[in-house]
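Q: I'm new to reading protein structures. Could you walk me through one, feature by feature?

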Amino acid sequence: MTSTTPSIQFFAGIFEELSNVSLRREVRTGKRIVMMKFNQLQAIAGLNSFTKQSLNSLLLTDEEGEISITPSSTKFIFGGDEGDELQGVECQFAVEQDDHWERFMRFMNRYAEANGMEYGER
């Protein structure tokens, strides 16, 4: 296995910086829900999203390979004086299978370590 810096991409070749992630489990179904938050998106800066091929998913890459995720929802948060300034993006998806959850958590641990993030409970 080669060492690969963990990365997150909405569009091929445009690397995003994760600001926060929250993990929870639905009590009724046991389904694990992941909410990834981004303060800004490189894909939007300079209209890169219109010049690159979309993967129609969120691509997480690390030394084990790629994880392709289709978000169940993506929310763009706007603010500022005119209300048209992008304040952040929230991307949500569910992980139902245990082996997929374990793989996702290995990715998150590598991403957190590479980007100076820490796990904390609220």
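A: Sure, let's start with a term: a salt bridge is a side-chain nitrogen of Lys or Arg within 4 Å of a carboxyl oxygen of Asp or Glu. Before we use it, note that this is a predicted model, in which local features need pLDDT of at least 70 and side-chain atom pairs count only at pLDDT 80 or more, while totals for chains, interfaces and linings use all residues. Residues are numbered from 1 along each chain as its sequence is written, and side-chain values use heavy atoms, with hydrogens and water left out.

Q: How many salt bridges does the structure hold?

A: There are eight. Take Arg110, which pairs with Glu64, their closest N and O atoms being 2.7 Å apart. Arg110 sits in helix α1 and Glu64 in the loop between β5 and β6, so this pair links distant parts of the chain, 46 residues apart.

Q: Hang on, what counts as a helix or a strand?

A: Both are DSSP runs, numbered from the N terminus: helices are H or I with at least four residues, and strands are E with at least two. This chain has one helix and eight strands. Reading from the N terminus, the order is β-β-β-β-β-β-β-β-α.

Q: Which other residues does Glu64 bridge to?

A: One is Arg103, with the closest N and O atoms 3.6 Å apart. That pair also links distant parts of the chain, with Glu64 in the loop between β5 (54–62) and β6 (65–69) and Arg103 in helix α1, 39 residues apart. Another is Arg106, at 2.7 Å from N to O. Here too distant parts are linked: Arg106 is in helix α1, 42 residues from Glu64 in its loop.

Q: Are these partners buried or exposed?

A: Buried means under 20% relative accessible area, exposed means over 50%, and partly exposed is in between (1.4 Å probe, protein chains only). Arg103 has 13%, so it is buried. Glu64, at 31%, is partly exposed. Arg106 counts as partly exposed because its value is 35%. Arg110 is partly exposed too, at 22%. Salt bridges that share partners join Asp62, Glu63, Glu64, Arg103, Arg106 and Arg110 into one network.

Q: How do I judge the length of helix α1?

A: Work out the expected span, which is 1.5 Å times one less than the number of residues. Helix α1 (residues 98–114) has 17 residues and reaches 24 Å from its first C-alpha to its last, close to the 24 Å expected. Its buried residues include Trp101, Phe104, Phe107 and Tyr111. Just after α1, Gly116 takes a positive phi of about 65 degrees.

Q: And what makes a surface patch?

A: Patches are made of residues with over 30% relative accessible area and no salt bridge; like charges are joined within 9 Å, and nonpolar side chains (Val, Leu, Ile, Met, Phe, Trp, Tyr) within 5 Å. Ile44, Phe76 and Phe78 form a nonpolar one, with about 280 Å² of accessible area together. Phe78 lies in strand β7 (residues 73–79) and counts as partly exposed, at 47%.

Q: Which residues form the negative patch?

A: Asp81, Glu82, Asp84 and Glu85 form it. Asp and Glu count as negative, Lys and Arg as positive, while His and the chain ends are not counted. Asp81 lies in the loop between β7 and β8 (85–95), and at 84% relative accessibility it counts as exposed.

Q: How much of the chain is buried?

A: Buried residues make up 34% of the 122 residues.

Technical notes. Accessible areas come from the Shrake-Rupley method with a 1.4 Å probe; for residues, only the protein chains shown count as cover. The place of a charge is taken as NZ of Lys, CZ of Arg, CG of Asp or CD of Glu.
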